[in-house]
Amino acid sequence: MNRLVAFLAANVVPIMFLGISAAGIIMADLTLSSVSSDVSERVFRNLFLVLSLIIPIVAGLGLNFGIVLGAMAGQIGLILIQNGKIGGLEGLFVATAGSIPLAILFGYLTGLLFNRTRGREMITGIILGFFANGIYQFVFLILAGPVIPLHAEDVLLTKRNLDGTVSPLMGLRVTMNLTMIEAALDYPLEHFAPDGWIRKMSASMFGDRFAGSIPIRFGGVKWATIPILTLLTNVALCFGLTWFLRTKLGQDLRAVGQDSHVAEVSGIRVDRCRIIAIIMSMVLAAMGQIIFLQNMAVMNTYQSHEQVGFYAIAALLVGGATVSRASIWNAIFGTILFHLLIVVVSTAGSRLESPQIGEYLREFFAYAVIGVTLALHAWRSKRG
Amino acid sequence: MTPSRYLAFALLLTVTACSGGGTGGGTGGGGGSAAVEIPEYPVVVAKAVAVGDLDFKIGIMTGTVSQGEDEYRGAEAMVRKYGSDKIIHKTYPDNFMTEQETTVTQILEMAKDPDVKAIIVAQAIPGTLPAIKKVRRERDDLIFLCVAPQEDPDQIAQYADFSIQTDDLMRGKTIVEKAKSMGATAFIHYTFPRHMAMDILAKRRDIMRKVCGQNDIEFVVVNAPDPTGDQGIAGSQKFVLEDVPRQIETHGKDTAFFSTNCSMQEPLIRATLEGGGLFPEQCCPSPTHGYPGALGISISEEMAGDMGKIREQIAKKIDARGFRGRFGTWETSIHMVMIEACVELAKGKVHGQLELTDLSAVKWALESTGGVKVDLGIFGDHKNFLMIISENVTL
Amino acid sequence: MSESKSPIVEKIREGVIGFGMARWIIVAFLFIIWIVAALWTDENLGKMFGDCLVRTGMNGVLVLALLLPVRAGNGLNFGLPLGIVCGLIGGIIGMEFAAEEPFGIFATSEFLSRGWSGFIFAHVVALPLAALCGLALGWLVERVRGQEMMVGIYVGFGAIAGMCVIWLVIPVKSQELVLPIGGHGVRQTVLIDDYYTRILDHWPRSAEEGASAPEALLHRVFDFGTMEPVEAGNAKPRTRAEARSWVPHRKYTGFFVPVGVLLYWLGMCGLLALFLRTRIGVAMTAAGSNPDFARSIGIHVPRMRIASMVASTMLGAVGILVYSQSYGFYQLYKAPLWMAFPTVAALLLGGASLKKASVFHVIIGTLLFQSLLTTSLPVVNTLVKDSAYASSLSNLPEIARLIIQNGVILYALSRVTGGRK
């Protein structure tokens, strides 16, 4: 009995949101298969970004709202391949390779800043995201074109002249269609030539319709679609993180997170560890954003990154993570639960009331998730 | 159209005030490319089609009322007409530019239901295209109808089955012709540099100038303060209120007024009515745009959504001032009509009764549902991307 | 040499240094913009200065709302949207009283909805509500010590998103409030033209506008010959309602002072400055700057902190009413979502930090930040108007605002070395 109470108390956040989701499903009479396939799609799109938040928490930096900068690095990588017209898996690879140095640089600078703002890393991260957005807009709206030599017609804003020719202007297009890398990780086979040996080989092994994802059917309806490469990437990251946290460096980060004073005394270079944690988070976030956008296949050049931190963090918190404690299972479970909640609340809201109320409720819940979890954590750590 | 400074940036680059959708960020610009080219429409005769009953489901996605009421109410009306078991109504987020994932999920969710055979997206904001592509991966029997697309027109024409939007370039011609028929001798065009930096609005101004020249109407461009500028909306409204009497003094009572910006419509109508000028059409033509606010028309519960009654009220107020016949607008909110027509078209298409590229069938659908007269043109060389002009009624 | 310096020079020297580097940079930047505007554009500088004053007065109370939480040790109150929402509720409820049957149960009251009485009634509704919300916010913030600002941000966001639902279902009857097609729910932007637009900005009125003798005299004092009197067509009241309404169509052609709004704001600043010298005010500051000491001399620290949040939320409600009367609109739904951030930036730009803030910081910060915003946009727009890149370049002021606003907040966050090392 006591163990049950302890379990409930420790997992009050996930239980609460699971309850809300269940109530929503029952009240609005939603079809489970449709909910599950919605949720699974969103989970594969977002999980990598959520996982990128774990290391800073372990290292005691709290929720890294600064992953917005990592996402920007990822987008810059995508802008590069869009400009250079490199598509398919190769394009994804080049974009990732291009974004990693940037993510490391951003991570280093963010780390320096976080070391100056100890105890306020989260709010600093939020504001830093806005600030970096200003710089990003300056670079890609004003400098791109005249200063930064991007040239592709579907990257830059253009103007149709009187004589019918098209001339490039200043700044990048507001939305970019990432057709060349569309679902390159989810449906990689689509990006190979139809009569190439890879397609032929896969067709002979898995059939013609197989393009890299497996639909899970059950009782005649589709419950989910599993994109194999995306799944493997996420699994690899989970194992990678587990392994990393057991290495010497990982243990150091853990020590810093538990008590930076003790860590300092025992000879760990605390500041350096914190910077490393942020750098790793940024690199993972850059990759996460690339995974997210290859699935979406469209990029809002100036706004796609804005909400990244916000949703990833809400997801992690719903999974039972706190500002100072997070595990891979929190991330996985949280991503599933959060997106379940979002799907259920907005659908249930529109079934029960008018559709727009569902829309506002969805937003309200997303904010409330973070607010409530932060409040609960601060409250608890104050009492404990 | 939110006058918030924060949004100014987003607006500037995307939907921007009154261009009524337009062509997304990119080449901008409608059909024409060379100098001032006045658009031409083919002659189309409406042809009735027996589209049958709604024996499947249709999904409609619109914005919330804080984004724009017309489409939301249009979809609501469809739910009332066919029942919520036949029409699934969803909304996209207010900040759809950052939350494309939500837009995509909402569309995908409607597509999950095998009974849903058609999806109408009004307005087809950024995020529609990836959603259509995703749906196509699973189902190719689903029909997508886009109202006022804001995505890249070439792409949307390629992926959606049917797109329709108000033809802002053509309106350059029709508005001036309307003014002429009201007896205008001068035409005042209020705008500001930010709007004129937009290809489509600048082109329309040039068309207006040319048509004015052909009709012996004096064309005057007046620069008003930008509503997103330092003086805010109030400043630009104030300017309009003060400038209209001045213009009437210089150019006489038979002066037609037009403004490119939504927030200027109310003061413009008010001042024109006060001074006795002509007002052929608003920036976004609909009886509910500008008139109710400017004339203080109370919209009672039973009147809500009934465009005929609203028009009647407006005409009564204008008549009271003795200026009957000097004001105009489109008969109804064209976006609402488009949604209803799209439902008809979807029925016909699913039952194999019509082709969505058949202009005479589309014309019939729009005219029979909205009770309005429309003219249709084709956007560039995309046969499934139509441009529409509705008849202007004199109030 | 130094001993020969006169005390006045020394005082000035201290003042210049005390004013701070950041502020001198902004001032220099402003001067550059003004010089550019004077030389290369045909902007009317006098009018531009007048606009700066209007914008300062318009935003001033909101910035002032942040003062007490900083002093009481709650940091920057990012939960300001909560107060803003309360103010908007007050405003909308007040305006509803102009309808035939307000909320379907009350009787029409021009008195409660229009003119000075209407503006005050909006306060009367908003303030108790804001006090309650502030109490709740203060209670919450007190329980999440160390994360006040984070929780504040999300309380603010949540309040706005939650209110979106309320705006949709609130049963307003007024034709000017209700959504025009659907016939229920409140509009996204509500025009307050005939209610109390610019009621503070345009005080004192001239005699032609129907002002009493003392008010008209004041008007003459502050009329720099730049206000065109109201045109005859506009001033003639047609109905009783219009007679009570405020006539906003006054035109400025040069420098002007929005006396009323500045007076209202500076008056509040003065009152707050006085309050800070009272026993409670001193106790509040002590609770923020040295809580252990404060506790030892018998100050109830949590109570002080909660009180500061109540005051802040109430001032936030007043702030949005002042803002809206100047703007001419109530902006509902998502419009106030980001309002806390520029407000916080203004306070910090004035020289405040996370732990220290004074009325002086509020005044200087608002003036500098708003002047910067007000002047840079039109000047840049005129400068780039003819460039082929105009559509991109006209975003520069907005980008600059993003960078300056958040840069200032970041700077403040990094300045205090917090926590253990």
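**Exercise 1.** State in which helix of chain B Glu344(B) is found, and decide whether Glu344(B) is buried or exposed.

*Solution.* Step 1: Glu344(B) is found in helix α13 of chain B, residues 334-350. Helices here are DSSP runs of H or I with at least four residues, strands are runs of E with at least two, and both are numbered from the N terminus.

Step 2: The relative accessible area of Glu344(B) is 9%. Buried means under 20% relative accessible area, exposed over 50%, and partly exposed in between (1.4 Å probe, protein chains only). Glu344(B) is therefore buried.

Step 3: Leaving out residues up to four places away in sequence, Glu344(B) touches Val51(B), Lys81(B), Tyr82(B), Ala365(B) and Thr369(B). Contact means heavy atoms within 4.5 Å.

*Note on the model.* This is a predicted model, in which local features need pLDDT of at least 70 and side-chain atom pairs count only at pLDDT 80 or more, while totals for chains, interfaces and linings use all residues. Residues are numbered from 1 along each chain as its sequence is written, chains are lettered from A and ligands numbered from 1 in the order in which they are written, and side-chain values use heavy atoms, with hydrogens and water left out.

**Exercise 2.** Describe how domain 1 of chain B meets domain 2 of chain B.

*Solution.* Step 1: The domain assignment of chain B gives domain 1 (41-167 + 334-394) and domain 2 (170-330). Such bounds come from an automatic or database domain assignment. The C-alpha centres of these two domains of chain B lie 29 Å apart, and the contact takes 13 residues from domain 1 of chain B and 17 residues from domain 2 of chain B.

Step 2: The two domains of chain B bury about 1,100 Å² between them, with 61% of it on carbon and sulfur atoms. Buried area is the accessible area (1.4 Å probe) that two parts lose on being put together, summed over both. Asn392(B), Val393(B) and Thr394(B) supply 42% of the area that domain 1 of chain B buries against domain 2 of chain B, more than any other three residues.

Step 3: Between these domains of chain B the count is zero salt bridges (side-chain nitrogen of Lys or Arg within 4 Å of a carboxyl oxygen of Asp or Glu). The rule does find eight residue pairs in polar contact, both at pLDDT 80 or more. A polar contact is a pair of N or O atoms within 3.5 Å; within protein, one must be able to donate a hydrogen and the other to accept it, and residues adjacent in sequence count only if both atoms are side-chain atoms.

Step 4: On the side of domain 1 of chain B that touches domain 2 of chain B, α13, β11 (382-390) and β12 (392-394) of chain B are the elements that give two or more residues.

**Exercise 3.** Describe the interface of chain C and chain A.

*Solution.* Step 1: In this interface, 49 residues of chain C are in contact with 43 residues of chain A. The area buried between chain C and chain A is about 4,200 Å², and carbon and sulfur atoms give 74% of it.

Step 2: One salt bridge is counted between chain C and chain A. The side chains of Glu363(A) and Lys334(C) meet in a salt bridge at 2.9 Å, N to O.

Step 3: On the side of chain C that touches chain A, α7 (115-143), α8 (148-169), α19 (390-393) and α20 (396-415) of chain C each supply at least two residues. α8(C) gives the most, with 13 residues.
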